[in-house]
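Here's a quick briefing to keep beside the structure while you click around. Grab a coffee and have the viewer open.

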Amino acid sequence: MSIASIINTATTGLSVAQTRIALASTNLANVETPGYTAKTASVATRTVGGQATGVQVVGIGSDVDANLHKKLVSSIATSSYDSTISSYLQAASAAFGTTSDGADLTNALAKIQTTLSDVIADPADTSVADAFLSALESWADTVNTTSDTIQSSRTTADAAIAEDVESANALLHQIDTLNDQITRAIANGTPTSDLEDARRAALESLGQYIDVTTFTTNAGAVQIYAGGQPLLTSHVYELTYAASGELNVDSTYPGSIGGITVNGVDVTKSLSGGSIGALVKLRDEVLPGLQDEIEALNNGVMDAINAAAATATPVPAPNTLTSSATYVAADALNGTGTLTLVLTDADGVVTGSVDFDLSTYATMGDLVAALDGTAGISASLDATGHLVVAADDADAGVILTGAGTLDGAGFNRATGVYDLLSLDYGLTLDYGRVQLAPQVATSGMAMAAVASTTVGASAYAADDTTALQAIYDALSKTMSFGSAGNLSATTTTAAGYAARIVDDLADRADQAAVVAKSSATTASTLETSFTNTYGVSVEEETARLATYQKDFQAASQILQAAQDMWDSLISVMR
């Protein structure tokens, strides 16, 4: 081997060692950089004319297992989905409370029964009657507040969807830019490993929002799909979504809530992973299901209370009765049986009684006209459609009783003239908010059974609490609840159903927390595995650095020795 070839070979070794030292130093400097993978130099023999002339660096990069990284991105999407579900269920459960600590729903029901028991024991005490009505108002407030909490969570989820869609789009554009840089670098033969690190990090961030499928083209670009639609091929197909503002119980998707679209295609139901998929499920299924459970409970409570009250009369009989239900005069009546209208004096003695065969009236307007034609009675539909029946004599009382029905329900129950709880639809609402029935303020609460409709007899006993006892019994007895939300159909008391709602939500929140912890552990394990395999090991890089420095020193010594030989040869020749 000539001295020149020795010098040349040593020089190539020196160059390779310098490159490796630089890479090891860079790796150590980026040990804490998220997403950074350790870079290595691929070295091969350099040949000229079939003869080895030294070594050379033929590539710099990190040989990452693409399948392992795909699993990591998928696990991040799953963890983000589970974490989002868990956080919302935890918040809802905290708002509902627990049965062991006294949840608002169960406490409100218990207060109704406690105060009702006090009224039954002493009906003449107006303070306990007021306490019972206050308990009914508290129940209404509790149901409304609970519903508001649910709808507020839905509104928050809906707004978060729009924010996450925007973040996902930004990442898609970032990855698209990196694709362009990587394909150009490959075409130019320049290193792409740092760019690929940045792209992998962006894919991991994207996985937090949406579960994606990825493919790498021969040119080195990554293509991204979700919900069966392309999000990134040769260009970005943005997700499109606009938040719907404040949601209520009637806000639904599809319907008043728009869909998430890609290239004009609605993919809302196809987005099953990441925070976006979780937020959609919460907004459209989980939280509305919880609302359905609350409505089922309230409907059961209202039906039990109002059905019992419909069989009785306030004491004294009120001068005016007003329905909870609203009508127009042309509404078909669909009535059967006999409705009896009773007039009483201030002492509750019957002064008049008239029967109405409901099957003979075609419309509500016909019945109102017949009631209004009764001596001493004025009847009408008020400006908002409520049926109003009043005694012309300010000291007289009005009672409606009998076996007449409307649409299969007792007349009083169907019209709600003796309701204690009702729904307020306000001026603009398409859904009702629970309230103490407004007519209670003017008519009082039904409490006594109608004893007689015979003129001259007492219509009721002043100390009778038949209706109140019926309300108490109805709330204490089992009732049927259909399937609603996460709860299957069941037969239980109102208090039992309220406890079931609270306990089931607490159980679901606990289970979701376990699932979220498990998926987070899985994602963390995969991330650790990926980092351990492709990240920077300080110990390994330090050892390599020492080896490369020795290689550099050895090549330097060979180069120096060859130089000395060359100098000696030149000296002899002179």
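What follows is a short tour by topic, starting with the charged pairs and ending with a long-range contact.

Keep in mind that this is a predicted model. Ten salt bridges turn up in it, and a small open sheet of three strands is worth a look too. There are also a couple of cis peptide bonds, one of them running from Tyr253 to Pro254.

**Salt bridges**

- Start with Asp303 and Arg413, which form a salt bridge with their closest N and O atoms 2.8 Å apart. Asp303 sits in helix H6 (residues 274-309) and Arg413 in helix H8 (residues 411-415), so this pair ties together parts that are 110 residues apart in sequence.
- Both partners are partly exposed: Asp303 has a relative accessible area of 40%, and Arg413 comes in at 23%.
- Arg413 also has a salt bridge to Asp419, and here the closest N and O atoms are 3.6 Å apart. Asp419 is buried, because its relative accessible area is 8% and the cut-off for buried is under 20%.
- For a pair within one helix, look at Glu196 and Arg200, whose closest N and O atoms are 3.9 Å apart. Both lie in helix H5 (residues 193-207), four residues apart, or about one turn of the helix.
- Is Arg200 buried or exposed? Arg200 is buried, with a relative accessible area of 11%, while its partner Glu196 is partly exposed at 23%.
- There's a network as well: salt bridges link Asp158, Arg283 and Asp284.

**A negative patch**

- Which residues form the negative surface patch? It's made of Asp372, Asp392, Asp393 and Asp395.
- Asp395 is easy to place, since you'll find it in the loop between strand E15 (386-391) and strand E16 (397-402). Its relative accessible area is 57%, which is over the 50% needed to count as exposed.

**The three-stranded sheet**

- The strands of this open sheet run in the order E6-E7-E8, with antiparallel pairing. Strand E6 (239-240) and strand E8 (265-266) are at the edges with a single partner strand each, so one side of each has no neighbour in the sheet.
- As a reminder, strands in a sheet pair through backbone hydrogen bonds, and the pairing can be parallel or antiparallel.
- How many bridges join E6 and strand E7? Two bridges do, with E7 covering residues 261-262 and the pairing antiparallel.
- To see the register in the viewer, pick Leu239 and look for Val262 of E7, which stands opposite.

**Backbone oddities**

- The bond from Tyr253 to Pro254 is cis, with omega near -10 degrees. Pro254 belongs to the loop between E6 and E7, two strands of the sheet above.
- A cis bond also runs from Val315 to Pro316, with omega near -5 degrees. This time the proline, Pro316, is in the loop between strand E9 (312-314) and strand E10 (320-326).
- What is the sign of phi at Asn263, a residue other than glycine? It's positive, near 55 degrees.
- Asn263 is found in the loop between E7 and E8, and it's exposed, with a relative accessible area of 60%.
- Asp407 has a positive phi too, about 50 degrees, although it isn't a glycine. Look for Asp407 in the loop between strand E17 (405-406) and strand E18 (409-410); at 59% relative accessibility, Asp407 counts as exposed.

**A long-range contact**

- Val350 and Thr454 are 104 residues apart along the chain, and their C-alpha atoms are separated by 6.3 Å.
- Val350 is part of strand E13 (residues 350-357). With a relative accessible area of 2%, Val350 is buried.

Methods. Residues are numbered from 1 along each chain as its sequence is written. This is a predicted model: local features need pLDDT of at least 70, side-chain atom pairs count only at pLDDT 80 or more; totals for chains, interfaces and linings use all residues. Side-chain values use heavy atoms; hydrogens and water are left out. Two strands pair if DSSP finds at least two bridges between them. Patches are made of residues with over 30% relative accessible area and no salt bridge: like charges are joined within 9 Å, nonpolar side chains (Val, Leu, Ile, Met, Phe, Trp, Tyr) within 5 Å. Accessible areas come from the Shrake-Rupley method with a 1.4 Å probe; for residues, only the protein chains shown count as cover. A salt bridge is a side-chain nitrogen of Lys or Arg within 4 Å of a carboxyl oxygen of Asp or Glu. Lys and Arg count as positive and Asp and Glu as negative; His and the chain ends are not counted. The place of a charge is taken as NZ of Lys, CZ of Arg, CG of Asp or CD of Glu. Buried means under 20% relative accessible area, exposed over 50%, partly exposed in between (1.4 Å probe, protein chains only).
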